[in-house]
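Colleague: Thanks for making time to go through this model with me. Could we take it piece by piece, with the reasoning spelled out?

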Amino acid sequence: MSTSTSTSTSTSTTASVSTHILDTSVGRPAVGVAVQLAARSGRDAHWQALGGSATDADGRCRDLPALPEGTTHVRLDFAVEPYFEKKQADAQQDAPANRDSGAVFFPEVAITFAVRPGEHYHVPLLLNPFGYSVYRGS
């Protein structure tokens, strides 16, 4: 996973993106989830990987790379399988009798959305072991 230290801020010619993850099964932020950011400059253009980050103690990625000028579509790829595997392993240590099959239903979540220059897009992911929801936040 590559990380970037640039902060996502929009200008009149670019958009910016931020995200956070809430694990709704426990009502807490999802910590340590790897997030990759990609962009393209048109519906038929190829995706350009821009880098990534991981969620912090508040479930936020505070250092996603800036979007290049001309970006029209963005994709956020959330690697949730390692998060749920670690969560399950921690739970098994505390309560070995509650072991599950170990299967993760959604190993990753990929969200694609359109952007316009000059706007900021905050995309929260509400996550649980068997479903997820996203929306454009503020």
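Modeller: Happily; we can talk about the sheet, then the salt bridges, then a pocket, keeping in mind that this is a predicted model.

Colleague: Let's start with the sheet. In what order do the strands of the 4-stranded open sheet lie?

Modeller: The pairings give the order step by step. Strand β3 (residues 34–40) is joined to β4 (residues 48–54) by 6 bridges, and β3 also pairs with β6 (residues 73–79) over 7 bridges. A further 6 bridges join β6 to β7. With antiparallel pairing, the order is β4-β3-β6-β7.

Colleague: Which strands are the edge strands?

Modeller: An edge strand pairs on one side only. β3 has β4 as a partner and β6 as another, while β6 also pairs with β7. That leaves the two ends of the order, so the edge strands are β4 and β7.

Colleague: How many degrees does the twist average from one strand to the next?

Modeller: This value belongs to the open sheet with the order β4-β3-β6-β7. From one strand to the next, the twist averages 20 degrees.

Colleague: Is β3 largely enclosed or largely open to the outside?

Modeller: A residue counts as buried when its relative accessible area is under 20%. In β3, 5 of the 7 residues are buried, so the rest of the structure leaves this strand largely enclosed.

Colleague: Let me look at the register. Which residue in β6 is the bridge partner of Ala38?

Modeller: β3 and β6 run antiparallel to each other. Along this pairing, Ala39 stands opposite Val74. For Ala38, the bridge partner in β6 is Arg75.

Colleague: And which residue of β7 stands opposite Arg75?

Modeller: Arg75 is already the bridge partner of Ala38. β6 is also joined to β7, again antiparallel. In β7, the residue opposite Arg75 is Thr112.

Colleague: On the other side of β3, which residue in β4 is the bridge partner of Leu37?

Modeller: β3 and β4 run antiparallel. Val35 stands opposite Ser53 in that pairing. The bridge partner of Leu37 is Gly51.

Colleague: Is Gly52 buried or exposed?

Modeller: Gly52 sits in strand β4. Its C-alpha is 5.4 Å from that of Val35, although the two are 17 residues apart in sequence. The relative accessible area of Gly52 is 0%, and the cut-off is under 20%, so Gly52 is buried.

Colleague: Now the charges. Which residues do salt bridges with shared partners join into one network?

Modeller: The search of the whole structure finds 6 salt bridges. Among them, Asp56 meets Arg62 at 2.8 Å, N to O, and Asp58 meets Arg60 with the closest N and O atoms 2.9 Å apart. Through shared partners, one network takes in Asp56, Asp58, Arg60 and Arg62.

Colleague: In the pair of Asp56 and Arg62, which residue counts as exposed?

Modeller: The cut-off for exposed is over 50% relative accessible area. Asp56 has 24% and is partly exposed. At 54%, the residue that counts as exposed is Arg62.

Colleague: How many residues apart are Glu119 and Arg136?

Modeller: Their side chains form a salt bridge at 3.1 Å, N to O. The pair links distant parts of the chain: Glu119 lies in the loop between β7 (109–114) and β8 (120–128), Arg136 lies in the segment after β9 (131–134), and they are 17 residues apart.

Colleague: Last one: how many charged residues are in the lining of the second largest pocket?

Modeller: That pocket holds about 160 Å³ of space. Its lining consists of Val26, Val31, Gly32, Pro82, Tyr83, Lys86, Lys87 and Asp90. By class there are 4 nonpolar residues and 1 polar residue, and the number of charged residues is 3.

Methods: Residues numbered from 1 in each chain as written. Predicted model: local features only at pLDDT ≥ 70, side-chain atom pairs only at ≥ 80, totals over all residues. Heavy atoms only, no water. Salt bridge = Lys/Arg side-chain N within 4 Å of Asp/Glu carboxyl O. Buried < 20%, exposed > 50% of the residue type's maximum accessible area, 1.4 Å probe, protein only. Axes fitted to C-alpha atoms, helices over the stretch in contact; angles between N-to-C directions. 1 Å grid on protein atoms, 1.4 Å probe; cavity = no way out; pocket = protein on both sides within 12 Å on 5 of 7 lines; lining within 4 Å. Points joined across faces, edges and corners; volume = space filled by probe spheres on them. Nonpolar A, V, L, I, M, F, W, Y, C, P; charged D, E, K, R; others polar.
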